[in-house]
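Please open the model in your viewer and keep the selection tool at hand. The tour goes from stop to stop, each time saying what to select and what is there.

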Amino acid sequence: MKRKITLIPGDGIGPEVTGATVSVLRAAGVQIEWEPFVVGAEALTKYGDPLPADLIESIKRNKVALKGPATTPVGTGFVSSNVRLRKALDLYANLRPIKSLKGVKSRYEDVDLIVVRENTEDLYSGLEHEVVPGVVESLKIITDRASRRIARFAFEYARREARKKVTAIHKANIMKMSDGLFLNCFREVAKDYPEILADDLIVDNACMQLVMNPNQFDVLLLENLYGDIISDLGAGLVGGLGVVPGANIGDEMAVFEAVHGSAPNIAGRGIANPTALIQTSVLMLKHIDEREAADRIQAAIEKILAEGQVLTRDLGGQATTIEFTEAVIRSL
Ligand code: NAI
């Protein structure tokens, strides 16, 4: 029987990389019936809401979605559909594995770390207002409940995947109450996982340490904003945004999407790298217990990257999205 999965192609390079990923999954023989939906500006024009209710219902029914990036207007305009989606479905954990790939040139060759980002609160609360003209206030919300459950998620993940250390990253020296609460919750939850090393680091130092010596890290646990920034820094350590996968996970549902955005500077030119979303689909297949297909797709993509004959421009090659995708499918 075919498994129903919600598909959100998104905009910008979204339709190009989701199209590539869907064809790789089809070629791998995975039985999926896709339920496609639009989000963002296109959904606003068509349905009067950038995040249509039918889309939310589809994910609630199917429990799993694969999503391409969606553009958020800067400064003005509608609230990010990505942020709204994560909140509406309570997808509180954002998981971003940062792993070196053979054949992908980068500063280091053996980076293997996991970024766990809290996905529902912090400065992404959306609570901003003008106090008086020329003065705005943006609220950073940190709660005991969300801090504990994301810490528990990180330690459970570390235990399941035989990881050795979880490092909480914060700025509790300055934001003593909010980041202090996050850190205290982390320390308390850590007591339930004595076999896993738990330490912490201030975020500015963490940035430097990541650039100088990323191998000292294993699982990183961060609030929403720091997690957003450090994920991109991590992507830069292993070849850029074109390769890094991601997942938004809640207790009942999960939406799988790459770290990168809609890349308007290259959209519509057929040159986007679909590696990030294909690797994201591998995370999705593992989540739905299609491990054999997941391993085959991962091996195929690693083979093509390691051979270095068919690479997209971001990785120093000349291949188009379609040429790269066809090479992955041939190697399947
Ligand atoms: P971006 O990730 O779209 O692009 C940053 C740089 O990386 C650009 O030079 C781009 O060409 C390159 N890049 C990204 N993905 C690539 C790929 N697959 N292949 C080759 N090159 C790639 O970040 P930016 O420009 O800050 O954001 C653009 C839009 O995307 C914004 O509206 C932002 O809000 C949205 N966005 C959406 C996300 C989502 O839907 N989950 C996540 C991040 C940003």
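Select Lys 67 together with the ligand, and you will find a polar side-chain atom of Lys 67 at 3.2 Å from an oxygen atom of the ligand; bear in mind throughout that this is a predicted model. Next add Gly 261, where a backbone N or O atom lies 2.7 Å from an oxygen atom of the ligand, and then Asn 273, which has a polar backbone atom 2.9 Å from a nitrogen atom of the ligand. The ligand taken alone exposes 820 Å², of which the protein buries 69%.

Now widen the selection to the whole shell around the ligand, which consists of 22 residues, with Ala 70, Gly 261, Ala 263, Asn 265 and Asn 273 as the closest. If you colour this shell by class, nine of its residues are nonpolar, nine are polar and four are charged.

The next stops leave the ligand for charged pairs. Side chains of opposite charge can pair when their charged atoms come close. The structure holds 23 salt bridges, and the stops below visit some of them.

Select helix H2, residues 40–47, which contains both Glu 42 and Lys 46, placed four residues apart, or about one turn of the helix. These two residues form a salt bridge in which the closest N and O atoms are 3.4 Å apart. Is Glu 42 exposed, partly exposed or buried? Glu 42 counts as partly exposed because its relative accessibility is 39%, whereas Lys 46, at 52%, counts as exposed.

Move on to Asp 49 and Arg 84, whose side chains meet in a salt bridge with an N to O distance of 3.0 Å. Asp 49 sits in the loop between H2 and helix H3 (53–62), while Arg 84 belongs to helix H4 (residues 81–88), so this pair ties together parts that are 35 residues apart in sequence. Asp 49 is partly exposed at 24% relative accessibility, and Arg 84 is partly exposed at 31%.

For the last stop, select Lys 140 and Asp 122, which form a salt bridge with their closest N and O atoms 3.5 Å apart. This pair links distant parts of the chain, 18 residues apart, with Lys 140 in the loop between strand S7 (135–138) and helix H5 (144–160) and Asp 122 in the loop between strand S5 (112–118) and strand S6 (128–132). Asp 122 is buried, with a relative accessible area of 1%. Finally, add Asp 179 and Glu 223 to the selection, since salt bridges with shared partners join them with Asp 122 and Lys 140 into one network.

Conventions
Residues are numbered from 1 along each chain as its sequence is written. This is a predicted model: local features need pLDDT of at least 70, side-chain atom pairs count only at pLDDT 80 or more; totals for chains, interfaces and linings use all residues. Side-chain values use heavy atoms; hydrogens and water are left out. A residue is near a molecule or strand if one of its heavy atoms lies within 4 Å of it. A polar contact is a pair of N or O atoms within 3.5 Å; within protein, one must be able to donate a hydrogen and the other to accept it, and residues adjacent in sequence count only if both atoms are side-chain atoms. Accessible areas come from the Shrake-Rupley method with a 1.4 Å probe; for residues, only the protein chains shown count as cover. Ala, Val, Leu, Ile, Met, Phe, Trp, Tyr, Cys and Pro count as nonpolar, Asp, Glu, Lys and Arg as charged, and the others, Gly among them, as polar. A salt bridge is a side-chain nitrogen of Lys or Arg within 4 Å of a carboxyl oxygen of Asp or Glu. Helices (H or I, at least four residues) and strands (E, at least two) are DSSP runs, numbered from the N terminus. Buried means under 20% relative accessible area, exposed over 50%, partly exposed in between (1.4 Å probe, protein chains only).
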